[in-house]
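Open the structure in your viewer and set it to show cartoon and side chains. The stops below are meant to be taken in order.

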Amino acid sequence: MIKNLARGICALALALAPLLPTSATQAAPAAQAAPAAPVAEVTTLADAVGLLKVTEENRTGYTASAFRHWNSGEDTTDGCDTRAEVLLAEAVVAPAVGPGCKLTGGRWKSYFDGQEVTDVGSLDVTHMVAPAEAWDSGASAWTATRREAYANDQGAETSLVAVTARTNRQKADKDPADWMPPSPEVQCRYTGEWVSTKLRWQLTADDRELEALKVYAEGPCEDTVVRYTPAA
């Protein structure tokens, strides 16, 4: 009788086992929430300049090949690289797109100097903050993948811009302490876009650069608004 009772208790325990929480179930972690998307920031130019961290620049070890560009762009199926995609996005009159993403026709306005351009060969797609300047300002510590993302950044309209090759050569890798667009009417826009790019990528500024930015932020460009979204 005792044996039959024991068998009955065991059978009942086995029948109820699937319904009872197990230690594994109790210990299972809750599903992790997806990371929040970066939030767009909007501020005045003066406040944005105040957010820049100031350090000395160091170009030791820099090579242009440290920033891979141009890659296959945002749309990897369109046959166009980043440079061509920027040219298409900024065209005032859209060019024709031929095999191999060859662009013909079209019209652009180079905002650095106000020039209208119809020959795509006379345009450069320039980085608002040149890769060499970015290296000086913190990108030397990045991974190759992050530097490639920077060099091909189409996530912000201010990161890459189509301008005349002549003004791009003049700009080179200079910061606002050493170069500003020759058209005075766009210098506030340029200053704001420079600062927004540095903040987007958490790049620093040196003392001369910061002082030059303050001259514009506290003077003719005090009404300039800076918008940026931190890069992921």
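What follows is a walk through a predicted model, from the whole chain to single side chains and then to the spaces between them.

**The whole chain**

Start with everything displayed as a cartoon. The chain contains nine helices and eight strands. Colour by accessibility next: of the 232 residues, 41% are buried. If you draw contacts, take those with a separation of 6 or more; residues 24 or more positions apart account for 71% of them.

**Helix H4**

Select residues 82–90, which form helix H4. Which residues of this helix are buried? They are Thr 82, Ala 84, Glu 85, Val 86 and Leu 87. Now add strand S3 (103–104), strand S4 (108–110), strand S6 (123–127) and strand S7 (160–164), which are among the elements that cover those buried residues.

Then go to the N-terminal end of H4 and show Asp 81, which caps it. Set a distance between a side-chain oxygen of Asp 81 and the backbone nitrogen of Arg 83; the value is 3.3 Å.

**Helix H8**

Select residues 187–200 for helix H8. The residue to pick out is Thr 191, which is found in this helix. Thr 191 counts as buried because its relative accessibility is 1%, and the cut-off for buried is under 20%. What does Thr 191 touch, leaving aside residues up to four places away in sequence? Display Leu 45, Met 180, Leu 213 and Tyr 216 to see these partners. Show the backbone of Gln 187 as well: its oxygen lies 2.8 Å from a polar atom of the Thr 191 side chain.

Stay in H8 and select Glu 193 and Arg 189, which form a salt bridge with their closest N and O atoms 3.0 Å apart. The two residues are four places apart in the helix, so about one helical turn separates them. Their accessibility places them in two classes: Glu 193 is buried, at 13%, whereas Arg 189 is partly exposed, at 43%.

**Other salt bridges**

Side chains of opposite charge can pair when their charged atoms come close. How many salt bridges does a search of the whole structure find? The search finds twelve.

Move to helix H9, residues 207–217, and select Glu 211 and Lys 214. These residues are three places apart, about one turn of the helix. Glu 211 and Lys 214 form a salt bridge, with 3.8 Å between the closest N and O atoms. Glu 211 is partly exposed at 45% relative accessibility, and Lys 214 is also partly exposed, at 29%.

Next select Arg 107 and Glu 116, another salt-bridged pair, with the closest N and O atoms 3.6 Å apart. Arg 107 is partly exposed, at 28% relative accessibility, while Glu 116 is exposed, at 54%.

Finish this part with Arg 59, Asp 136 and Asp 173 shown together, since a network of salt bridges links these three residues.

**The largest pocket**

Rolling a probe the size of a water molecule over the atoms shows where empty space is left. Turn on a pocket display and find the largest pocket, with a volume of about 490 Å³. Its lining has 24 residues; to find the centre, select Glu 90, Glu 157, Thr 158, Leu 160 and Val 161, which lie nearest to it.

Which element gives the most to this lining? Helix H8 does, with four residues. At least two lining residues each come from H4, S4, S7, H8 and strand S8 (225–228), so add S8 to the elements already on display. By type, the pocket lining holds ten nonpolar, five polar and nine charged residues.

**The cavity**

The last stop is enclosed space. The structure holds one cavity of 30 Å³ or more. The largest cavity has about 40 Å³ of space. Select His 127, Met 128, Val 129, Tyr 150, Ser 159, Leu 160 and Thr 197 to show its lining. Four of the lining residues are nonpolar, three are polar and none is charged. Leu 160 is part of this lining, and Leu 160 is also one of the residues nearest the centre of the largest pocket.

Note on methods
Residues numbered from 1 in each chain as written. Predicted model: local features only at pLDDT ≥ 70, side-chain atom pairs only at ≥ 80, totals over all residues. Heavy atoms only, no water. Salt bridge = Lys/Arg side-chain N within 4 Å of Asp/Glu carboxyl O. Buried < 20%, exposed > 50% of the residue type's maximum accessible area, 1.4 Å probe, protein only. Contact = heavy atoms within 4.5 Å. Polar contact = N/O pair within 3.5 Å; in protein donor to acceptor, adjacent residues only side chain to side chain. 1 Å grid on protein atoms, 1.4 Å probe; cavity = no way out; pocket = protein on both sides within 12 Å on 5 of 7 lines; lining within 4 Å. Points joined across faces, edges and corners; volume = space filled by probe spheres on them. Nonpolar A, V, L, I, M, F, W, Y, C, P; charged D, E, K, R; others polar.
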